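Hi there,

Here is the structure I promised to pass along. Have a look at it first, and then read on for my notes.

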Amino acid sequence: MSLAGAPSASRTGRLRDARRLALFTVKRVIALFLTVLVGVYLAIIIANMGGQVDELRMAQIRANISEQVRGDPGFFELPQQERNELVERQIALEVERLNLDQPFILRSVDYLRQAIFLDLGRAEQMHSDHGSRQVYNIIVERLPATLLLFGTANFLVFFTSVFIALALSRRYGSALDRAVIALAPSSAAPGWFYGIFFILVFAFVIPILPAGGMVDVPPPEGTLDYALSILRHMLLPLAAMFVSTIFISIYSWRTFFLIHSSEDYVEMARAKGLPSRMIERRYILRPTLSPIITSFALMLIGLWSGAIILEQVFAWPGLGTLLFQAIGHRDTPVIIGGVVIFAYLLAVTVFLLDILYAVLDPRVRIGTD
Amino acid sequence: MSPWRERLRQLSRYPSAIAGMGMIAVLVAIAIYAVVAIPYGQALELWRGGEPWRLNPVNAGPVWVDRLFGGDMPRTIVVDSDEAEVEEERFDGGRMVRIPLEFDYESTGFPSGINLFVRSAFEESEPFVRMTWHRPDGEEIQLGGRAMSRQDRVSFSQDWTLERRLGEVAHVALFAVPDEQFERAQPGEYGLTLDAILFEEDAEIAAELVVYGRVHGIAGTDHQRRDLMVALLWGTPVALSFGLLAAVGTTITTLIIAAAGVWYGRWVDAVIQRLTEVNMILPLLPILVMVGTLYSTSIWLMLGVVIALGIFSAGIKMYRAMLLPMREAPYIEAARAYGAGNARIILRYMIPRILPVLIPTFVTLIPTFVFLEASLALLGLGDPVLPTWGKVLNDAQAQSALYHGFYYWVIAPAVLLMFTGLGFAMLGFALDRIFNPRLRAV
């Protein structure tokens with residue numbers, strides 16, 4: 001290859017990479033969308049099995065229409081019976097309009113469309129803090145709190161454990177290494193479990209941190225004070241999640257790095273006398289990045305589903321607490337909406353990691369599958 | 001069988017494995033004891049609460065914790081009129097009965113309540129009972145009088161007029177050292193004398209005085225006076241069987257599906273792969289919550305849903321990777337040559353080969369499901385009738401146990417959960433190092 005041709009070759013190479021990456025992204029988006037579609041459809045079938053969704057919608061229609069008729073000044077003069085007949089007629093019309101008289105299979109497609117577009121309908125009992133009764137508004141209001149807490153926890157656990165694991169794999173068998181191995185079984189307990197103890201110790205025995213909630217009451221003025229208050233409230237749930245996952249992640253990645261550092265090509269690099277930092281970065285970390293990301297994805301998914309209980313224990317006003325309150329109110333639209341949102345969150349997580357995977361894994365770029 | 005014995009020998013070299021097995025053995029022993037000592041039906045009956053527990057205090061801590069910290073909190077004292085020296089005096093058309101209910105109070109802490117349960121038998125007219133309280137210093141306090149129905153209960157601690165008259169709740173005022181501001185209780189001989197007038201010749205009356213303590217048994221009691229020991233004991237077999245069944249159910253089904261996918265290949269494999277991806281998106285806990293809310297919170301239904309959703313779990317990908325090279329193995333070809341069917345090859349030739357690798361995963365999965373059950377219970381979706389650890393935690397949470405300082409209520413079930421989790425996890429981790437050949441060198 002001539003020197004002059006090199007830059008253009010690399011440019012076309014990059015172009016080709018970008019094209020492949022775009023193709024891959026589109027493929028993944030379609031695949032994941034189909035996955036979400038199937039997942040939400042399953043959720044709808046589960047929720048409808050006992051005819052619950054139908055009953056719910058019928059009740060909603062009835063309430064809406066009788067409210068309308070009763071509130072309309074034009075019908076004030078009507079006698080009670082005629083008004084009732086009018087209500088019944090309107091309900092029948094509405095039932096026909098919404099295809100509620102059709103078999104469930106046909107309607108389930110309709111529900112699916114609404115759920116996918118997050119047109120989740122109105123809550124039965126609950127309302128958002130701004131007073132909206134739309135399930136969508138209620139959920140969107142809670143989403144940032146969940147994202148903040150769990151996003152922070154995930155990144156913290158991920159980066160800490162990878163770095164500690166790398167350090168430990170370099171000198172395995174040391175006292176620190178053995179301590180981590182001994183502590184790994186402690187991850188059998190989920191975050192909320194440690195949360196209970198942390199609340200007991202740091203909020204009641206030594207009251208230095210708040211036992212729950214997201215900000216002080218009343219919320220502090222100034223943005224900085226507000227952020228500090230949130231941070232103080234975040235410490236305990238973060239610590240709970242951190243403690244419950246950190247040792248097992250360090251353990252599994254340490255083992256993983258150890259296995260990979262005994263590969264022949266690493267031995268070869270060592271024999272060449274390369275500095276250990278370089279061996280770590282180029283010969284161990286680089287080829288193992290994709291499996292690391294896969295396990296990170298699995299961990300994220302696990303944490304998302306654990307959110308409900310952890311938030312409930314810490315009274316963190318996120319999606320989990322919302323779902324918990326919805327259970328208390330038996331507010332089915334909110335519960336179904338919550339399931340849909342969790343499905344979306346998981347899909348987005350998987351998607352982002354897939355893309356990262358593609359960027360890191362040369363095989364995807366080159367096009368061999 | 002010798003490779004298994006070899007592995008067992010290796011296992012005995014890990015102290016954590018020994019400890020884990022010991023912990024599991026303890027749990028199994030507790031579970032067996034619970035099932036034998038309190039039969040299933042009786043456990044449910046007890047946990048439903050109410051009548052069986054009327055002699056227990058509300059929210060009493062464990063006795064041993066109090067004594068450990070040098071306390072002398074009172075236990076519950078029950079004085080029955082059957083053991084009292086009852087004096088009788090007949091008059092025309094009835095009787096006068098004097099029942100002295102005496103007891104020795106040894107603590108300087110106040111009791112947590114006083115109840116008098118009265119049973120009487122009569123035709124038409126209810127007996128009238130006047131109550132007098134005797135303190136160790138000889139002082140007498142009139143507690144009023146009232147007519148008693150056949151099954152009656154006098155709750156002195158909830159008598160507001162009495163409280164206003166005495167200046168403090170009855171169970172504090174009646175026991176306080178005189179001339180101190182209700183700071184501590186006076187130990188000594190107390191008594192409650194009942195002067196009953198029976199207006200019929202053959203009417204009967206019996207009474208039970210209950211001075212509720214502040215400590216009770218090994219585990220203490222909850223807000224419904226139930227002895228927590230029942231739930232802690234019975235929670236063990238429930239947790240173990242739920243964890244074991246869920247772990248067996250999910251791993252075995254997943255393994256069979258993965259093997260079938262690998263063996264049949266092509267579209268079967270593709271469908272299984274896609275289903276696994278769908279399943280990854282399905283949030284387990286929210287769906288369990290939904291099922292629990294819409295249908296029933298029966299632990300068996302939950303188990304079914306957990307297994308159903310666990311069939312196509314992420315484990316399939318791992319098993320698939322392990323099974324793929326096996327497909328072309330000569331011994332499978334040999335099996336095919338003698339005419340083994342598909343099912344036979346999958347069940348007898350492929351699955352047994354990776355079972356050993358599965359054992360550690362399986363053992364470490366058990367605590368996950370034990371905690372899952374507790375999580376569901378914590379959300380209020382625990383089994384409606386079974387006493388479980390999670391339900392104890394849920395009650396404690398609902399009653400703000402930590403805020404009120406009832407630490408034992410939270411700590412006992414939590415410690416048991418942790419004990420279970422650690423036991424299985426420690427064994428699982430050791431097994432992992434023995435059964436996973438790649439880890440053995442490390």
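To start with chain A: 44% of its 369 residues count as buried. Please keep in mind throughout that this is a predicted model. Chain A has 13 helices and zero strands, so you can read its pattern as helix after helix, given that helices and strands here are DSSP runs. Among contacts in chain A with a separation of 6 or more, 71% are between residues 24 or more positions apart. Its accessible surface is about 19100 Å², and carbon and sulfur atoms account for 65% of that.

Next, the interface. Chain B uses 42 residues to contact 57 residues of chain A, and the area buried between the two chains is about 4400 Å². Carbon and sulfur atoms give 82% of that buried area. Three residues, B:Ile281, B:Met290 and B:Phe429, supply 15% of what chain B buries against chain A, more than any other three residues. What about charge pairs and polar pairs across this interface? The rule finds zero salt bridges there and one residue pair in polar contact.

Several helices of chain B give two or more residues to the side that touches chain A, including helix 8 (266-281), helix 9 (284-294) and helix 13 (342-378). Helix 16 of chain B has the largest share of that side, with twelve residues. By type, the residues on this side of chain B divide into 35 nonpolar, four polar and three charged.

Now for the salt bridges, of which there are 15 over all chains. Three in chain B are worth finding on your screen:

- B:Arg90 and B:Glu201 meet with N to O at 3.4 Å. B:Arg90 is in strand 2 and B:Glu201 in the loop between strand 8 and strand 9, 111 residues apart. B:Arg90 counts as exposed at 55% relative accessibility, while B:Glu201 is partly exposed at 45%.
- B:Asp195 and B:Arg130 meet at 4.0 Å, N to O. The first residue lies in strand 8 and the second in strand 5, so the pair ties together parts of chain B that are 65 residues apart in sequence. B:Asp195 is buried, with a relative accessible area of 13%, whereas B:Arg130 is partly exposed at 40%.
- B:Arg226 and B:Asp395 have their closest N and O atoms 3.1 Å apart. Because B:Arg226 lies in the loop between strand 9 and helix 7 and B:Asp395 in helix 14, this pair ties together parts that are 169 residues apart in sequence. B:Arg226 is buried at 5% relative accessible area, and B:Asp395 counts as buried at 17%.

In addition, B:Arg54, B:Arg119 and B:Glu208 are joined into one network by salt bridges that share partners.

A few single residues also deserve a look. B:Ser120 sits in strand 4 of chain B and is buried, with a relative accessible area of 9%. A polar atom of the B:Ser120 side chain lies 3.1 Å from the backbone oxygen of B:Ser149. Leaving out residues up to four places away in sequence, B:Ser120 touches several others, among them B:Pro127, B:Arg150 and B:Glu204.

Two residues other than glycine have a positive phi: A:Ala315, near 50°, and B:Arg225, near 65°. A:Ala315 is in the loop between helix 10 and helix 11 of chain A and is partly exposed at 44%. B:Arg225 is in the loop between strand 9 and helix 7 of chain B, and at 21% it counts as partly exposed.

Best wishes

Definitions and conventions. Residues numbered from 1 in each chain as written. Chains lettered and ligands numbered in written order. Predicted model: local features only at pLDDT ≥ 70, side-chain atom pairs only at ≥ 80, totals over all residues. Heavy atoms only, no water. Helix = DSSP H or I, 4+ residues; strand = E, 2+ residues; numbered from the N terminus. Buried < 20%, exposed > 50% of the residue type's maximum accessible area, 1.4 Å probe, protein only. Contact = heavy atoms within 4.5 Å. Areas by Shrake-Rupley, 256 points an atom, 1.4 Å probe, with all protein chains shown as cover. Buried area = accessible area lost by both parts, 1.4 Å probe. Salt bridge = Lys/Arg side-chain N within 4 Å of Asp/Glu carboxyl O. Polar contact = N/O pair within 3.5 Å; in protein donor to acceptor, adjacent residues only side chain to side chain. Nonpolar A, V, L, I, M, F, W, Y, C, P; charged D, E, K, R; others polar.
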